[in-house]
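Colleague: Please take me slowly through this model, and set each value beside the rule that gives a residue or a space its name.

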Amino acid sequence: MTDPSLVEAAEATLRPLTYARNVAWWESQVDATGENERRRAETELAYSDALADRELFAAIEKVRSADGDPLVRRRLDLLHDLMLPHQIADSLRARIVELEAAVEGRYSRHRGVVRGEEVDDNEIKRILRESDDPAERQEAWRASKTVGAAVADDVRELARLRNEAARSLGHRDWFALSLATDELDESKLLETLAVADRATAEAFARWKQALDARLSERFGCHPGELRPWHYADPFFQDAPAEGSVDLDPLFQGRDLVALARRTFDGVELDVDGILARSDLFPRAGKCQHAFCMDVDRDGDVRVLANVTDNHDWMGTMLHELGHGVYDLGFDLELPWLLRDTHLVATEASALLFGALAGGREWLERVLELGASDAAALEDRLQAARAAQLLVFTRWVLVMNDFERQLYADPEADLDSAWWELVSRHQLVTPPEGRRAPDWAAKIHVAVAPVYYHTYLYGAIVASQLRDALRDAAGGLVDRPEAGRLLVDRLFAPGQSIRWDRLIEQATGSPLSVEPLAREVAAA
Ligand SMILES: [Zn+2]
């Protein structure tokens, strides 16, 4: 019999440390002062030290395989996966943490140079979106890659250290360890990515051929002369806005927070508490992005955003609240460790709600756009969404293949490997004779390793949920039954069920690329 006292003792230790870490993190994001930064580092260290506790980990390993209450067993499994990556030599753990922090600092301080002036990422992206001057575009694109050369040696060293850590724990490399502690089966992941590759290859090639025709006209060159800087962002990871639908005018002067509240009211999910605790508008000294945080797994859920009256921020608000209603939906009878979610499941909920503001039904019912105006937009909205899914899926294939190769052999010719993958999956022609660590310019490779598949899985599950809600409730917008379904089948169980079985329970079928493949066919 498994004795619940061990897991309860572990929860009693981790719960206050997690709460302190969350509060400190929130404070450091809403007000970036030195004092808040110091508190954040301090609480992070205390949390990480608790996860490194060898005695506790050994005790968990010992009782984990005994039979007993399945929910106790589930908590032990989650604790095991949470603690395993921290069970390495203290000196190695310290080196990894220090090098990660140093590299992250270099990414945020580094600035590329365009026309003799230092520019930030936003300016580089603006040039790639707007400039019609190929020379300026090329300079901006090259500037976006200079950070790669500055950090590449350190990123390679991080890969070596992470591999050393993974091998000391009996895993092949860091790639394998990351998947194992995230309840992902490597062969299943590769199979799913192969299916996603086959499902998007043809539609993407067709869509990109049309894009290249437009771009070669715009830049006055032959399609064969297009290079990476002719696309609208440094990695070609987003579909270009041109040729798609500009919804921004519909949001000017509108109250986006009220529209978000109205959206969730329509499915009878209450977001008033979240909105009251949130920090929603731009201000100096505050994080420029957006996120949702479950501070205490007991109802204190908050969103940080920088809402401006445009379509992007409408989608972002719905996305973050899609995370928020998930956190509020956990069955409060569950023990603390289980009042949590796998990242794939919560990302799916966020993507499902986030996409609403780009759909006809939401524009008609919530934004109260005239029915004929909404109908006129419908085909283009669907095509824009399909293009975004296509471009994103191809980009995830590059990232996943690359990281698998990086951890398989950090000493390999990674510069060539990167461009081989970019040409194969994204159909982008590399610049002639390019020899540079362009892979290291992508910050995720350094600081959020082996994570990108989570986004794609989230998108796949969101498509499955959309289908399931359509069949069961006729859709999501203004359908309380759909809201109840999400709570009962997806949110309430928390982590009491393994994520892949939870998805199956919520959507009626195991993880399947099929609904996503149908959506991208509209491109
Ligand atoms: Zn998200």
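Modeller: A residue counts as buried when its relative accessible area is under 20%, as exposed when it is over 50%, and as partly exposed in between, with a 1.4 Å probe and protein chains only. By that rule both His-319 and Glu-347 are buried, so each of them has a relative accessible area under 20%. Please keep in mind that this is a predicted model, in which local features need pLDDT of at least 70 and side-chain atom pairs count only at pLDDT 80 or more, while totals for chains, interfaces and linings use all residues. Residues are numbered from 1 along each chain as its sequence is written, and side-chain values use heavy atoms, with hydrogens and water left out.

Colleague: Which atoms coordinate the zinc ion, and at what distances?

Modeller: Donors are N, O and S atoms within 2.8 Å of the metal (3.2 Å for Na, K and Ca), and sites may look incomplete because water is not among the atoms. The NE2 atoms of His-319 and His-323, together with two OE atoms of Glu-347, coordinate the zinc ion at 2.1 to 2.6 Å, so these distances fall within the limit of 2.8 Å. Along the chain the donors follow the spacing H-x3-H-x23-E. His-319 lies in helix H13 (residues 311–328) and Glu-347 in helix H14 (residues 343–354), so the pair ties together parts that are 28 residues apart in sequence. A helix here is a DSSP run of H or I with at least four residues, a strand is a run of E with at least two, and both are numbered from the N terminus.

Colleague: Why is the site of the zinc ion called irregular?

Modeller: Four donors count as tetrahedral if all angles lie between 85 and 135 degrees, while four count as square planar and six as octahedral if opposite donors are over 155 degrees apart and all others between 65 and 115; anything else is irregular. The angles among the 4 donor atoms run from 49 to 129 degrees, so the value of 49 rules out tetrahedral, and 129 does not reach the 155 degrees that square planar asks for.

Colleague: What makes Arg-160 partly exposed, and what is Arg-162 called?

Modeller: Arg-160 has 31% relative accessibility, which lies between the two limits, so it counts as partly exposed. Arg-162 has a relative accessible area of 1%, and therefore it is buried. Arg-160 has its place in helix H7 (residues 134–168), and Arg-162 lies in helix H7 too.

Colleague: Which residues does Arg-160 contact?

Modeller: Contact means heavy atoms within 4.5 Å. Leaving aside neighbours within four places in sequence, Arg-160 is in contact with Pro-410 and Glu-411. Arg-162, with residues up to four places away not counted, touches several residues, including Ile-96, Trp-174 and Tyr-407.

Colleague: How do you know that the side chains of Arg-160 and Glu-411 make a polar contact?

Modeller: A polar contact is a pair of N or O atoms within 3.5 Å; within protein, one must be able to donate a hydrogen and the other to accept it, and residues adjacent in sequence count only if both atoms are side-chain atoms. The side chains of Arg-160 and Glu-411 are joined at 2.8 Å, so the distance meets the limit. The side chain of Asp-238 makes a polar contact of 3.4 Å with that of Gln-388, so this pair also falls within the limit. Asp-238, which lies in the loop between H9 and H10, is partly exposed, with a relative accessible area of 38%.

Colleague: What is notable about phi of Phe-236?

Modeller: Most residues other than glycine have a negative phi. Phe-236 has a positive phi of about 55 degrees although it is not a glycine, and at 4% relative accessibility it counts as buried. Glu-368 likewise has a positive phi, near 60 degrees, but this residue is exposed, with a relative accessible area of 63%.

Colleague: How many cavities of 30 Å³ or more are there?

Modeller: On a 1 Å grid over the protein atoms alone, a cavity is a set of points where a 1.4 Å probe fits but cannot get out, a pocket is an open set with protein on both sides within 12 Å along at least five of seven lines, and lining residues have an atom within 4 Å of a point. The count comes to 2 cavities of that volume, and the largest cavity has about 100 Å³. Its lining has 14 residues, with Trp-419 and Val-422 among those nearest the centre, and helix H17 gives the most, with 4 residues.

Methods: Grid points are joined across faces, edges and corners, and a volume is the space filled by probe spheres set on the points.
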